[in-house]
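Work through the exercises below with the sequence and the model side by side. Try each task before reading its solution.

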Amino acid sequence: ITPNHNHIKMGAMSSMDCCINDEDRIRDYEDRVRKEQQEAKLLQDQYDKAKQQTERQNDKKNKIQTLKEEKQQIFKQMLKEKKRAGELQQTANKYKKQIDKLQKEMNRLQDDEP
């Protein structure tokens, strides 16, 4: 083997090595891309779960707020009705006194008859 042939063989080997190295780099790059895609999917899944949980919590908070407002309205209505009931009771007592007074007057008039 002459030194020129040896040099050609080494040159051919180094271009093959170059191709192999390129293939390795491409494979490594593809692996990194796949891993990054998997990580991105995991992050998206975590984000979606967190978003759903936040929405559920917001829904619960809104529902609680609505229930509190309804409770307050019912309580106000109850106080209003209680006041009205008290006023009606006073009116009923007033009429009862009038009835009692009229009943006494009738009894007195009947006692006065011969």
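A residue is called buried under 20% relative accessible area, exposed over 50%, and partly exposed in between (1.4 Å probe, protein chains only). The model is predicted: local features need pLDDT of at least 70, and side-chain atom pairs count only at pLDDT 80 or more, while totals for chains, interfaces and linings use all residues. Residues are numbered from 1 along each chain as its sequence is written, and side-chain values use heavy atoms, with hydrogens and water left out.

**Exercise 1. Describe the overall picture.**

Step 1. Take the secondary structure, where helices (H or I, at least four residues) and strands (E, at least two) are DSSP runs numbered from the N terminus. The protein has one helix and zero strands. Helix α1 covers residues 3–112.

Step 2. Look at burial. Of the 114 residues in the protein, 0% are buried.

Step 3. Take the accessible surface, computed by the Shrake-Rupley method with a 1.4 Å probe; for residues, only the protein chains shown count as cover. The total for the protein is about 11,500 Å², and 55% of this belongs to carbon and sulfur atoms.

**Exercise 2. State how confident the predictor is, and where pLDDT stays under 50.**

Step 1. pLDDT is the predictor's confidence in each residue, from 0 to 100. Its mean over the protein is 86, with 81% of residues at 70 or more.

Step 2. Over residues 1–13, pLDDT stays under 50. For these residues the model has two contacts (heavy atoms within 4.5 Å) beyond four places in sequence.

**Exercise 3. Examine three salt bridges and say how their partners are placed.**

Step 1. A salt bridge is a side-chain nitrogen of Lys or Arg within 4 Å of a carboxyl oxygen of Asp or Glu. The whole structure holds six salt bridges.

Step 2. Aspartate 24 pairs with arginine 27 in a salt bridge, with the closest N and O atoms 3.4 Å apart. Because the two residues are three apart in helix α1, about one helical turn separates them. Aspartate 24 is partly exposed at 31%, and arginine 27 is partly exposed at 43%.

Step 3. Between arginine 34 and aspartate 31, the closest N and O atoms of the salt bridge are 2.4 Å apart. Arginine 34 has 43% relative accessibility and aspartate 31 has 32%, so each counts as partly exposed.

Step 4. Aspartate 45 and lysine 41 form a salt bridge at 3.3 Å, N to O. They lie four residues apart in helix α1, about one turn. Aspartate 45 is partly exposed at 29%, whereas lysine 41 is exposed at 53%.

**Exercise 4. Find a nonpolar surface patch and place one of its members.**

Step 1. Patches are made of residues with over 30% relative accessible area and no salt bridge; like charges are joined within 9 Å, and nonpolar side chains (Val, Leu, Ile, Met, Phe, Trp, Tyr) within 5 Å.

Step 2. Phe75, Met78 and Leu79 form such a nonpolar patch, with about 290 Å² of accessible area together.

Step 3. Leucine 79 lies in helix α1. Its relative accessibility is 43%, so leucine 79 counts as partly exposed.
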